[in-house]
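Q: Got a minute to go through this model with me? I'd like the overall picture and then whatever is hiding inside.

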Amino acid sequence: MTSAVVPFPRRARRASSVSLTEKLVFGAAVFMLLIYSQGWELPLVGGGDETANSELLRTLFLPAYAAGVALMALTPWRLGVGLVRQPFLIVILLVVALSYFWSVSPDQTSRRIFALLFTTLGGVVLAARYSWARLAEVLATTFAILALCSLFTSLFVPSIGRMSDVFPGAWRGLWEEKNSFGGNMAIGAALCAAAAILNPKRAVIWCSAAALSLLLVIISTSKTALVAELIGAVALALVWTVRRGRAASVAASWTVVTAVIAAAAVMTFAADTVLGVLGKDATLTGRTQIWAAVIRQIKERPWQGFGYAAIWDNTDQWRPLAWITHDIGFRAHHAHNSWLEQWLSIGVPGLVAWSAFYLQTLVANIFALYRDRGAYVALPFFAIYSLTSLTESIAVVYNDMRWVIFVALAVKLALPDPAPPRAAPRTAAERRVDWDAD
């Protein structure tokens with residue numbers, strides 16, 4: 001007589017569906033990034049100039065601050081660990097706060113210090129909360145939404161989605177001009193591709209989003225964005241190649257070193273030719289004039305600067321903006337270089353702190369390239385960000401999505417994913433049931 005065998009489950013199954021709480025947290029993170037993208041400013045108020053609609057704009061960023069605080073409450077310990085491992089980020093924030101005492105516009109500096117602290121917090125909480133794979137999907141979801149909204153406005157609401165003055169008819173999506181549109185879509189294409197690699201079950205979705213973002217980069221006709229997209233694609237390919245094995249890793253590393261040296265030589269001896277191909281003049285559309293005027297102002301107060309975010313809205317005839325405008329013949333809205341911007345605003349201490357933070361992140365990216373799958377997310381973004389920082393002021397910027405992402409990836413590189421838990425050994429009863437079932 002054969003005794004009945006009581007069925008025993010092979011192993012505990014993980015819930016196939018994500019909990020409601022996790023969905024809400026994911027949505028809060030995407031919502032926060034969408035607000036910091038500033039893609040809503042043009043449709044809502046016609047642009048992000050703080051000299052007009054300033055009260056409304058400041059108020060509309062408050063939900064992003066609240067979302068950051070809520071996310072912080074979920075992972076306070078890891079957030080603290082992440083900050084400790086990025087000491088130069090803390091130094092930057094301290095220098096920014098101290099600049100209030102010598103700012104030429106203390107009221108503006110005080111408000112913007114507050115905004116910068118919450119903006120930076122948004123990046124830190126993303127790093128503390130999510131694994132690399134999940135963080136990639138948070139970022140990819142944000143850019144997929146921005147890409148779809150940009151496509152819709154450019155096709156069906158041309159008064160918003162297309163330029164009408166400087167480049168009539170050029171697509172600009174949700175932003176004020178095509179270069180911002182193209183630059184954001186270049187970042188989006190790289191991050192969506194990274195999400196596809198790290199989340200193969202949803203690869204079709206993220207590859208489609210990456211393809212749409214790439215298409216929008218091309219449609220934007222922004223040469224700078226096309227170069228950024230190319231650099232992001234090369235960085236992504238480099239990570240993939242390095243992870244194929246030791247021989248491929250060595251070959252790819254030497255190829256990159258050779259390419260960087262060759263590019264530096266070309267820009268040194270044939271810069272005019274390269275700029276001509278890109279449709280740029282030797283002044284980089286007036287940027288070199290701005291840099292020269294900014295450097296003249298830096299010499300006035302090289303050590304302390306003029307105060308964080310205190311220059312570009314202060315129209316007093318004796319303040320730096322008036323002299324910069326006098327020197328270049330038109331009004332600039334920032335220094336068009338992230339390094340000069342720090343020096344002008346927060347002086348030598350701020351420039352040194354930003355440089356140290358950047359270099360620490362660069363070294364972390366190099367180590368991650370050979371050790372961590374998170375390099376699929378971090379390295380392409382870092383490459384695009386580095387290129388853009390040479391011609392745009394995108395570092396240590398309040399209410400800016402690119403600064404949030406840079407901080408998130410920098411902190412995440414110092415705060416790797418925890419090791420996955422080891423599966424418990426199977427009991428004799430489980431093994432016997434499996435045998436009987438076979």
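**Contacts, fold and cavity**

A: Sure. This is a predicted model. Of the contacts in the protein with a separation of 6 or more, 74% are between residues 24 or more positions apart.

Q: What's the secondary structure, in helices and strands?

A: The protein has 20 helices and zero strands.

Q: And how much of the protein is buried?

A: Buried residues come to 48% of the 438 residues.

Q: What about the outside, how much area does the protein expose?

A: About 21900 Å² is exposed, and carbon and sulfur atoms supply 68% of that.

Q: Switching to the inside: how many cavities of 30 Å³ or more are there?

A: The count is one cavity of 30 Å³ or more. The volume of the largest cavity is about 30 Å³.

Q: Which helices supply at least two residues each to its lining?

A: Helix H17 (338-371), helix H18 (375-389) and helix H19 (401-413) each do that.

Q: Which one gives the most?

A: H19, with four residues in the lining of the largest cavity.

Q: Can you name the lining residues?

A: The largest cavity is lined by Thr 361, Asn 365, Ala 378, Phe 381, Phe 382, Phe 406, Leu 409, Ala 410 and Leu 413.

Q: How do those lining residues divide into nonpolar, polar and charged?

A: Seven are nonpolar and two are polar, with no charged residues in the lining of the largest cavity.

Technical notes:
Residues are numbered from 1 along each chain as its sequence is written. This is a predicted model: local features need pLDDT of at least 70, side-chain atom pairs count only at pLDDT 80 or more; totals for chains, interfaces and linings use all residues. Side-chain values use heavy atoms; hydrogens and water are left out. On a 1 Å grid over the protein atoms alone, a cavity is a set of points where a 1.4 Å probe fits but cannot get out, and a pocket is an open set with protein on both sides within 12 Å along at least five of seven lines; lining residues have an atom within 4 Å of a point. Grid points are joined across faces, edges and corners, and a volume is the space filled by probe spheres set on the points. Ala, Val, Leu, Ile, Met, Phe, Trp, Tyr, Cys and Pro count as nonpolar, Asp, Glu, Lys and Arg as charged, and the others, Gly among them, as polar. Buried means under 20% relative accessible area, exposed over 50%, partly exposed in between (1.4 Å probe, protein chains only). Contact means heavy atoms within 4.5 Å. Accessible areas come from the Shrake-Rupley method with a 1.4 Å probe; for residues, only the protein chains shown count as cover.
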